[in-house]
Amino acid sequence: SITKSSNAVPFEIIDTAATNYINLLDFLEEPHAKVGVYQLLISVINENDDSDIQALTNNLLSLAHTFREILEYENAEKYYLETLVVEQRELGANHADIAITYYNLGEVIAYQTRYSDAEKYFQKTLEIELRELDEDDPELAMTFLWLGECQFHQGNMQEAEKNLKKACSLLLVEDGENNPKLIKVLELLRDVSLALGREVEVRNL
């Protein structure tokens, strides 16, 4: 049987109903209401004798994403960490999905201004990404950007400058001067240059 109780409603039926309800909440722009739905699904999965690991991971991620969407970053961090535990157990330490979860953790922790902790997760992200991608791959741009921003907020200007310049070059390759993220990088590079006393460089950015 799918669940511990032979009379229980199969998870597939609950999941389908919940998905339809979540789609309705998306349409109505009610992200707060989705939290309870995902928590219910996670509870049902955890009570199964034969747990669906992929369903568990998906719902943990969806719950974390929802908390991030409503700016509850501590709760988002909690469920990204729970996702990470499942992924590491099932996928191993260096799977691409784990790099994404590290990145998500870095973001929500940075939003809490815990830049040292966030930097560690972005470093872990980069280590895994570089197993599959060349250092000049535009897909790495945001990881370098976040690394540079975290280092800037910690006063590590030399490393921040290096990673922000890397992000800048990759964003230009990816989308040219039309990339909206480029503005943020240039502003951070300006602030780094000011901190390093290079006012001439600031004017030339």
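# A tour from Trp146 outward

Begin by selecting Trp146, which has a relative accessible area of 4% and is therefore buried. Bear in mind throughout that this is a predicted model.

With Trp146 still highlighted, add Lys184, which lies over the face of the Trp146 ring at 4.8 Å from the ring centre. Next, show the aromatic side chains around this position: Tyr73, Tyr103, Tyr111, Phe122 and Trp146 are linked into a cluster by ring pairs. The count for the model comes to six aromatic pairs. One of them joins Tyr73 and Tyr111, whose ring centres are 4.9 Å apart and whose planes meet at 40°, so this pair is tilted. Because Tyr73 belongs to helix α4 (residues 73-91) and Tyr111 to helix α5 (residues 96-111), the pair ties together parts that are 38 residues apart in sequence.

Stay on Tyr111, and ask whether this residue is buried, partly exposed or exposed. Its relative accessibility is 38%, so Tyr111 counts as partly exposed. Tyr111 also forms an aromatic pair with Trp146, and this one is edge-to-face, with 5.7 Å from centre to centre and 75° between the planes. That pair again links distant parts of the chain, since Tyr111 sits in helix α5 and Trp146 in helix α7 (residues 141-153), 35 residues apart.

Now colour the nonpolar core. The largest one has 55 residues, and those with the most contacts inside it are Leu63, Phe67, Tyr80, Phe122, Cys150 and Val185. Two or more residues of this core come from each of α2, α3, α4, α5, α6 (115-132), α7, α8 (157-175) and α9 (181-195), and α5 gives the most, with eight residues. As a general background, nonpolar side chains tend to be buried together in soluble globular proteins.

From the core, select Leu63 and display its surroundings: leaving aside residues up to four places away in sequence, Leu63 touches Val35, Tyr38, Gln39, Ile42 and Tyr79. Then move to Thr66, which is found in helix α3 (residues 53-69). At 2% relative accessibility, Thr66 counts as buried, because the cut-off for that class is under 20%. With the same sequence neighbours left aside, which residues does Thr66 touch? The contacts are Pro31, Lys34, Val35 and Tyr38, and Val35 and Tyr38 are also among the residues that Leu63 touches.

Those contacts lead to helix α2 (residues 31-47), so select that whole stretch next, and look along its 17 residues, which reach 25 Å from the first C-alpha to the last, close to the 24 Å expected at 1.5 Å a residue. Within α2, the buried residues are Pro31, Lys34, Val35, Val37, Tyr38, Leu41, Ile42, Val44 and Ile45. When reading such a list, it helps to recall that an α-helix has 3.6 residues a turn, so residues three or four places apart point the same way.

Finally, zoom out to the whole protein. The secondary structure comes to 10 helices and zero strands. Of the 205 residues, 42% count as buried, and the accessible surface comes to about 11300 Å², of which 49% belongs to carbon and sulfur atoms. Among contacts between residues at least 6 apart in sequence, 53% join residues at least 24 apart.

How values were computed. Residues are numbered from 1 along each chain as its sequence is written. This is a predicted model: local features need pLDDT of at least 70, side-chain atom pairs count only at pLDDT 80 or more; totals for chains, interfaces and linings use all residues. Side-chain values use heavy atoms; hydrogens and water are left out. Helices (H or I, at least four residues) and strands (E, at least two) are DSSP runs, numbered from the N terminus. The expected span of a helix is 1.5 Å times one less than its number of residues. Buried means under 20% relative accessible area, exposed over 50%, partly exposed in between (1.4 Å probe, protein chains only). Contact means heavy atoms within 4.5 Å. Rings of Phe, Tyr and Trp (its six-membered ring) pair if their centres lie within 6.5 Å; planes under 30 degrees apart count as stacked, over 60 as edge-to-face and the rest as tilted. A charge sits over a ring if NZ of Lys or CZ of Arg is within 6 Å of the ring centre and within 35 degrees of the ring normal. Accessible areas come from the Shrake-Rupley method with a 1.4 Å probe; for residues, only the protein chains shown count as cover. A nonpolar core is a set of buried Ala, Val, Leu, Ile, Met, Phe, Trp, Tyr and Cys residues joined through side-chain atoms within 4.5 Å.
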